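Student: I'd like a close look at one part of this model: the empty space and whatever surrounds it. Take me through it in one go, with the cut-offs as you need them.

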Amino acid sequence: MAGPRIALGAFMLESNAHSPVATREEFAANYALAGADMQADWQSAHPRCPVTLSGFVDAMNAAGDWTPLPLLGASVGASGPVEHGYFLEVADGLESRLRAALPVDGVYLSLHGAAIGTQEVDPDGVILERVRRVVGPDVPVFATLDLHANVSENMVCESSLLVAYRTNPHVDMAERGAECARLMRECLAGARPTAAFVKLPLIPPSVTQNTKSGPYADILAFGQSRIDARVMNVSISSGFSLGDTPKNGMSVVVTTRNDAALARRLAREIAVKAWDDRHRYVPTLTSLADATAMALACGRDASRPALLFADVADNPGGGGRGNTVWILKSFVETGVQGALLGIFFDPPLAAEAHARGTGATFLARFNRDETNPLSGRFESEATVEALHEGTIIGRRGISAGHTIVLGPMALLRVGGVRVVVVSVRQQCKDTAMFEELGLDIGAARSVIVKSRGHFRAAFDLHFPDERIVEVDAPGLTTPVLSRVPFRDVPRPIYPLDPDMQWSPPA
Ligand SMILES: [Zn+2]
């Protein structure tokens, strides 16, 4: 195939600084492919690669000839800091494969933007820097970023264009990949992207960053309203609150068609507007006791509308362990009926259920091997109602059509709660995670999901926003920032320092 030669890579990790280290094994269980294997995956019917990457590829394919040069991709939902040896393997692999692929006309990387390492403070910046060093100053280096990226100055300087998602839940990942493809073609035809960057000392709590309505929706809409023929892209990343790094905080990146002054002016204008709205980023959570009372009432009275309880403090999509027992324990011990809970990460428990078989009743010991004190332990009699090998296809929401690997799964009935137990840590982002085990979400009286917000893009069929309850329970992803043991965020920063003043640098 002729046409432009575009190198492709991926590194996606959102690092919760207080979560266990992200290892090679964890990436391997999710997505770690190189060269021809990477290409075979994105060409398959249900790829495992990041949705941004397949979106970029599909859009490039649709727009004419090109030669894709697959380098290397590694992706995991969210975890702790990446283990340094593995990070070097990824960075070295990308760099050496890129050298071998030269000459290239452009580079596209699917990045998350909120990685930290056990030794490296800005892995995303390092990857862009290494790529830039190989291709030189004139080759376009593009990257998509998660809306939760903690963007660094280095990331902006070492890339030609950064395009962040604009939806939360992230239902525009394919679109943002396609946007990069379109702008890549434009740059190959001679356009010159010029970016400006403003970092705000503002950490919006995770549950305040929805894009349907609220302060973040407003600032994103304002940013898009400033796009005209001179502006390529406006990206406003809310940031990942639990990164605990010097690069935490909301950021504005404006990329223009070679108009540096305009880029600076717009980035500043948007940043000031976002800062002026900082007081609106306030989480409203429901206590565990109140949530339990609501679930009890739903279980007792079939005429009440069913409720969805989001365990926002134990979101594997933000580095949560996916195994805190607090809601499960409270619901079981008080006798809540008709509840579903998913997905609970406990490989030994899933293995035991598989060994005992469907129909077996046994003493389920949740978290027998877990060491994080926020996870807790719970023991109760349980019955194995269904088993599954754990590779499923996303049906609706952010992973629709993509393969999701959960490892051996088991459906356990524990009192009035049916629990979906899995062996690969993932957030509950797709109804298929229940339905594959034969469960009918529409028939449940209450549903507990271990997810901060991405579940909304799939569970909206059953639960409109007004029937979603965000529960305040312990966990590594609590949106109550006063409880987070921050060490490395720059101070002052809002809302940790509520009275601080700020204006963007001149
Ligand atoms: Zn995100």
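**The space between the domains**

Tutor: Let's start with the wall of the largest cavity: 18 of its residues are nonpolar, 21 are polar and seven are charged. Here Ala, Val, Leu, Ile, Met, Phe, Trp, Tyr, Cys and Pro count as nonpolar, Asp, Glu, Lys and Arg as charged, and the others, Gly among them, as polar. Before going on, the ground rules: this is a predicted model, where local features need pLDDT of at least 70 and side-chain atom pairs count only at pLDDT 80 or more, while totals for chains, interfaces and linings use all residues. Residues are numbered from 1 along each chain as its sequence is written, and side-chain values use heavy atoms, with hydrogens and water left out.

Back to the space itself. The structure has one cavity of 30 Å³ or more, and the largest cavity holds about 780 Å³. A cavity is a set of points on a 1 Å grid over the protein atoms alone where a 1.4 Å probe fits but cannot get out; a pocket is an open set with protein on both sides within 12 Å along at least five of seven lines, and lining residues have an atom within 4 Å of a point. Points are joined across faces, edges and corners, and the volume is the space filled by probe spheres set on them. In all, 46 residues line the largest cavity, and S75, V76, G77, I398 and K429 come closest to its centre. The elements giving two or more residues to this lining are α1 (24-30), α3 (51-62) and β16 (403-405). These labels are DSSP runs numbered from the N terminus: helices are H or I with at least four residues, strands are E with at least two.

Where does the largest cavity sit? Both domain 1 (5-280) and domain 2 (286-482) contribute to the lining, so the cavity lies between them. Those bounds come from an automatic or database domain assignment. The largest pocket has the same kind of address: residues of domain 1 and domain 2 both line it, so it too lies between them. This pocket holds about 490 Å³. Its lining counts 24 residues, with N210, K212, S213, R456 and D465 nearest the centre. Here the elements giving two or more residues are α14 (456-459) and β20 (468-472). By class, the pocket lining splits into 10 nonpolar, eight polar and six charged residues.

Now the interface around these spaces. The centres of domain 1 and domain 2, taken over C-alpha atoms, are 31 Å apart. On the domain 1 side, 33 residues are in contact with 27 residues of domain 2, contact meaning heavy atoms within 4.5 Å. Together the domains bury about 2,300 Å², and carbon and sulfur atoms give 55% of that. Buried area is the accessible area (1.4 Å probe) that two parts lose on being put together, summed over both. H46, P169 and V207 supply 22% of what domain 1 buries against domain 2, more than any other three residues.

Charge pairing comes last. The rule finds two salt bridges across the interface of domain 1 and domain 2, where a salt bridge is a side-chain nitrogen of Lys or Arg within 4 Å of a carboxyl oxygen of Asp or Glu. In one salt bridge of the model, the side chains of R425 and E26 come to 2.6 Å, N to O. The overall count is 33 salt bridges. Another of them joins D218 to R280 at 3.0 Å, N to O. That pair spans 62 residues, from D218 in helix α8 (residues 215-225) to R280 in the loop between α9 (260-276) and β10 (286-287).
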